[in-house]
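Visitor: I'd like to go through the charged side chains and the cysteines with you. Can you show me what we're working with?

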Amino acid sequence: MFAASKEVGITLCSHAMLAIHMNFLNFNNNSVGILPPFKTLLIDEAHILEMTVSNINTYGLSIFSLRATLRQTNFGSAQDRKEALKYCELLIGNHKQENVFLTRRDLNDSGNGSIFSDTLKLLEGLEQSIRQMFGRKKLSTFVPESFSQQIIKESLYTLKRINSKEYPVNIRTS
């Protein structure tokens, strides 16, 4: 059956497999994917393809979870943790327990008086305060010793992506 489907150019894949294939093509200048060449593509659970592609291409940051982690950890200095917590509280207060989906351009274009007008500055401040927690440690070679350190390291990587490029951002404050 596999040989027959290959012969006529029919490929069956899941929605997630197709989303990953599309990412591979984007990162490899349309030259290398994970699916074989096909004439016809049958997609299992295609009704959730759009959501899957969006999830794969969005960096998420839970300010609420980061705040809880910062409260429980002894990582970094107390002053650095306090500074990071201050930014978390301000972000949570600005968004009043709402989740937002926006890009860096949305943050740059938001005018004064907008709910998002201070978000970019707060995210940049949060990134800097968390970076201080790592001190002189090189982030790329830092091996977390606890789950809390792993969450903090991943949050810093996400903040760096949010603050430096035009990535979609899902900021969760609840």
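Visitor: Let's dive in with Glu-83: what is its relative accessible area, and which class does that put it in?
Guide: Keep in mind that this is a predicted model. Glu-83 has a relative accessible area of 32%. The partly exposed class lies between the 20% and 50% cut-offs, so Glu-83 counts as partly exposed.

Visitor: And which residue does Glu-83 meet in a salt bridge?
Guide: The N to O distance for this pair is 3.2 Å, and the cut-off is 4 Å. The partner has a relative accessible area of 39%, so that side chain is partly exposed too. The residue in question is Lys-86.

Visitor: How far apart are Glu-83 and Lys-86 in helix H5, in helical turns?
Guide: Both residues sit in helix H5, three residues apart. Because of that spacing, they're separated by about one helical turn.

Visitor: Which residues are joined into one network by salt bridges that share partners?
Guide: Start with Arg-67, which forms a salt bridge with Glu-89, with the closest N and O atoms 3.1 Å apart. Glu-89 also meets the side chain of Arg-71 in a salt bridge, at 2.8 Å from N to O. Put those together and the network consists of Arg-67, Arg-71 and Glu-89.

Visitor: Which helices does the Arg-71 and Glu-89 pair link?
Guide: The two residues are 18 apart, and the pair links distant parts of the chain. Arg-71 is in one helix and Glu-89 in another: helix H4 and helix H5.

Visitor: Is Arg-67 buried or exposed?
Guide: Arg-67 has a relative accessible area of 13%. Buried means under 20%, so Arg-67 is buried.

Visitor: What about Arg-71, buried or exposed?
Guide: For Arg-71 the relative accessible area is 53%. The exposed class begins over 50%, so Arg-71 is exposed.

Visitor: And where does Glu-89 fall, in terms of relative accessible area?
Guide: Glu-89 is the acid that pairs with Arg-67 and with Arg-71. Its class is partly exposed, because its relative accessible area is 33%.

Visitor: How many salt bridges does a search of the whole structure find?
Guide: One is the Glu-83 and Lys-86 pair. Glu-89 also takes part, with Arg-67 and with Arg-71. For the whole structure, the search finds three.

Visitor: On to the cysteines: how many disulfides are there?
Guide: Cys-13 is buried, because its relative accessibility is 4%. Cys-88 is buried as well, at 0%. A disulfide needs a pair of cysteine sulfur atoms within 2.5 Å, and by that rule the count is zero.

Technical notes:
Residues numbered from 1 in each chain as written. Predicted model: local features only at pLDDT ≥ 70, side-chain atom pairs only at ≥ 80, totals over all residues. Heavy atoms only, no water. Buried < 20%, exposed > 50% of the residue type's maximum accessible area, 1.4 Å probe, protein only. Helix = DSSP H or I, 4+ residues; strand = E, 2+ residues; numbered from the N terminus.
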